[in-house]
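Please open the model in your viewer and keep the sequence panel beside it, since this tour moves from the whole chain to single residues and back again.

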Amino acid sequence: LQFLKALHEQQNMPILMISHHLGDVISVVKQICFINQYTKLFEAGARDEMVSAERLTRLYGRPVKVQACEERLDVYVPGHLP
């Protein structure tokens, strides 16, 4: 992820990435898009606007907590083991 971030910043190259690992991605992106095929959810926008407990709870259909730890954002789903 750091390589892609550096490539974007140094070469001004747009990067599109698809991932199921939200916790890893949210600390390095500026824009994010959430898609849930089962609930037909599609939302996109600035990371800081998109990564909220309320929005992620809607996306996952279960309670989600978002916590800032140093310069990283962590997403925690109570009762879910990684």
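For the charges, Lys and Arg count as positive and Asp and Glu as negative, while His and the chain ends are not counted. With the whole protein selected and coloured by charge on that basis, there are 9 positive and 9 negative side chains, and the centres of the two sets lie 7 Å apart. Bear in mind throughout that this is a predicted model.

**The whole chain**

Switch to a cartoon view, in which the protein shows 4 helices and 4 strands, and follow the chain along the sequence to read the pattern α-α-β-β-α-α-β-β. The C-alpha trace spans about 40 × 30 × 20 Å along its principal axes. If you then add a surface, its accessible area comes to about 6600 Å², with 55% of that belonging to carbon and sulfur atoms. Of the 82 residues in the protein, 24% are buried. Among contacts with a separation of 6 or more, 19% are between residues 24 or more positions apart.

**The nonpolar core**

Next, select Leu22, Ile26, Ile32, Phe34, Leu41, Met50, Val51, Leu56, Leu59, Val64, Leu73 and Val77, the 12 residues that form the largest nonpolar core. The elements that contribute two or more residues to this core are strand 1 (31-36) and helix 4. From this set, centre the view on leucine 22 and show what surrounds it: beyond its neighbours within four places in sequence, leucine 22 is in contact with Ile32, Phe34, Leu56, Tyr60 and Val75.

**Two arginines**

Now select arginine 47, which is placed in helix 3 (residues 47-50). Is arginine 47 buried or exposed? Its relative accessible area is 18%, and because buried means under 20%, arginine 47 counts as buried. Leaving aside neighbours within four places in sequence, its contacts are Ile26, Ser27, Val29, Lys30, Gln31, Ile32 and Leu73. A distance drawn from arginine 47 to isoleucine 18, C-alpha to C-alpha, reads 15 Å, for two residues that are 29 apart in sequence.

Move on to arginine 55, which is found in helix 4. Display its side chain together with that of glutamate 43, and you will find the two joined by a polar contact of 2.2 Å. Outside the four places on either side in sequence, arginine 55 is in contact with Phe34, Glu43, Glu49 and Met50.

**A proline in a loop**

For the last stop, select proline 63, in the loop between helix 4 (53-60) and strand 3 (65-69). Proline 63 has a relative accessibility of 58%, and because exposed means over 50%, proline 63 counts as exposed. Even so, its contacts, again without the neighbours within four places in sequence, are Thr57, Tyr76, Val77 and Pro78. Finish by drawing the C-alpha to C-alpha distance from proline 63 to valine 77, which is 6.4 Å although the two residues are 14 apart in sequence.

Key. Residues are numbered from 1 along each chain as its sequence is written. This is a predicted model: local features need pLDDT of at least 70, side-chain atom pairs count only at pLDDT 80 or more; totals for chains, interfaces and linings use all residues. Side-chain values use heavy atoms; hydrogens and water are left out. Buried means under 20% relative accessible area, exposed over 50%, partly exposed in between (1.4 Å probe, protein chains only). Contact means heavy atoms within 4.5 Å. Accessible areas come from the Shrake-Rupley method with a 1.4 Å probe; for residues, only the protein chains shown count as cover. The place of a charge is taken as NZ of Lys, CZ of Arg, CG of Asp or CD of Glu. A polar contact is a pair of N or O atoms within 3.5 Å; within protein, one must be able to donate a hydrogen and the other to accept it, and residues adjacent in sequence count only if both atoms are side-chain atoms. A nonpolar core is a set of buried Ala, Val, Leu, Ile, Met, Phe, Trp, Tyr and Cys residues joined through side-chain atoms within 4.5 Å.
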